Amino acid sequence: MAVVLGASVLLLALLCIAFVPSHGALQVGFYSGKCNGTDVEAAIRSVVAARFGRDSSIVPALLRLHFHDCFVRGCDASILLDGSGTEKTAPPNLSVRGYDLIDQAKTALESRCPGVVSCADIIAVATRDAVVLGGGSQYTYAVQTGRRDGVVSLASEAIRNLPGASFSASQAIAAFGAKGLNASDMVLLLGGHTVGVTHCSFIRNRLYNYNGSGKPDPTMDPALVNLLRSRCPQSSTVDNTVFLDHSTPSTVDNGYYKQILAKRGVLKVDQNIAMDGATNATVRSLANGGSSFPSLFGRAMVKMGAIQVLTGTQGQIRKSCRVVKK
């Protein structure tokens, strides 16, 4: 989690998005016929399905991995690079998981068509496959591919670019806007909180001493306060986890929006988007129209997956997702 970008930096970020040179375009089916007869997306899907069968928490893990990658230098797999001072080492990324699954898919594809499939594309495809497994076939969306991998990864950029758990709605809108995403995109993408957990350290102030009041956050349902206090004792030295959606915590659905309208948002940013005039109508629409959420979420994921991508001759195709190819 990071502080919001200042206005001048936001402007610079938007200009960078607008004027990155284009050397190719993402397209559905980019790898068709390029991997010695192997269906690239099917190969990735089999890896994800095998993991999901053992551990359904891979769904929020990959959603978070994809999001944290795309918000720093665009969707270029820079979050996967090992080393001192890389994005992986930034505080917001210390609890990011799923790296080993991406490694597994990459190894499988390198054995069939070396140097063809980018790590950045594997992240995007694997995340879509996890979402479908977590929510059902209605969550299927076509993933555009053709990304190439970046060669720079800096913890400082992760700290600067990743939105914070306690952002106001306006701060969140600004952070997403810096990446070319509008307020509706932001509300949809935060819908990824329909699955997964957060740590007590991110919410303890809401439970016990909100803004120095000595009382819980008044915008949180008292019943939820009591439930979360049982998992997050005030003086505990153990940083437990709590579900972000207490209704259907392991299922991708629109329950998240119903929860935050009922003042049961666990993270402050989630509660804020339900209350703010700029985002409340979108939240209500998604809460009341569950059938529209799958397709709208898919569109937002596709839009996020195109942030500042490297294509054509830009970047490289890494042999190992953890190391820049020399």
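## Burial and surface

Buried residues account for 51% of the 326 residues in the chain. The model is predicted. The accessible surface of the chain is about 13,500 Å². Carbon and sulfur atoms hold 56% of that surface.

## Overall build

The chain has 14 helices and 4 strands. Its C-alpha atoms fill a box of roughly 60 × 45 × 40 Å along the principal axes. What radius of gyration does the chain have? The value is 19 Å. A compact globule of 326 residues would have a radius near 20 Å, so the chain agrees with that expectation.

Contacts often span long stretches of sequence. Take the contacts between residues at least 6 apart in sequence: 77% of them join residues at least 24 apart.

## Charges

The chain carries 32 positive and 22 negative charges. How far apart are the mean positions of the two sets? They are 2 Å apart.

## Aromatic pairs

A pair of aromatic rings is described by two values: the distance of the centres and the angle of the planes. The structure holds 8 aromatic pairs. One of them joins Phe-71 and Phe-176. Their ring centres are 4.9 Å apart, and the planes meet at 70°. That makes the pair edge-to-face.

Where do these two residues sit? Phe-71 is in the loop between α3 (58–70) and α4 (99–110). Phe-176 belongs to helix α7, residues 169–177. The two are 105 residues apart, and their pair links distant parts of the chain. Both Phe-71 and Phe-176 are buried.

Tyr-256 and Tyr-257 form an aromatic pair too. This pair is edge-to-face, with 4.9 Å from centre to centre and 75° between the planes. Are these tyrosines buried or exposed? Tyr-256 has a relative accessible area of 1%, so Tyr-256 is buried. Tyr-257 is at 0% and therefore counts as buried. The two tyrosines also belong to one aromatic cluster with Tyr-139, Phe-293 and Phe-297.

## Positive phi angles

Asn-36 has a phi near 50°. That is a positive value in a residue other than glycine. Asn-36 lies in the loop between β1 (27–28) and α2 (40–54). Its relative accessible area is 64%, so Asn-36 is exposed; the cut-off for exposed is over 50%.

Gln-308 also has a positive phi, near 45°, and is a residue other than glycine. Where is Gln-308 found? Gln-308 is in the segment after α14 (293–304). At 23% relative accessibility, Gln-308 counts as partly exposed.

## Around His-246

His-246 is in the loop between β4 (241–243) and α11 (255–261). With a relative accessible area of 26%, His-246 is partly exposed. Which residues does His-246 touch, leaving aside its neighbours within four places in sequence? The contacts are Leu-224, Leu-227, Leu-228, Gln-259, Arg-264 and Val-266.

Ser-285 gives another point of reference. His-246 and Ser-285 are 39 residues apart in sequence. In space they are 20 Å apart, C-alpha to C-alpha.

Methods. Residues numbered from 1 in each chain as written. Predicted model: local features only at pLDDT ≥ 70, side-chain atom pairs only at ≥ 80, totals over all residues. Heavy atoms only, no water. Rg over C-alpha atoms; globule rule 2.2 N^0.38 Å. Buried < 20%, exposed > 50% of the residue type's maximum accessible area, 1.4 Å probe, protein only. Contact = heavy atoms within 4.5 Å. Areas by Shrake-Rupley, 256 points an atom, 1.4 Å probe, with all protein chains shown as cover. Lys, Arg positive; Asp, Glu negative; His and termini not counted. Charge placed at Lys NZ, Arg CZ, Asp CG, Glu CD. Phe/Tyr/Trp six-rings, centres within 6.5 Å; stacked < 30°, edge-to-face > 60°.
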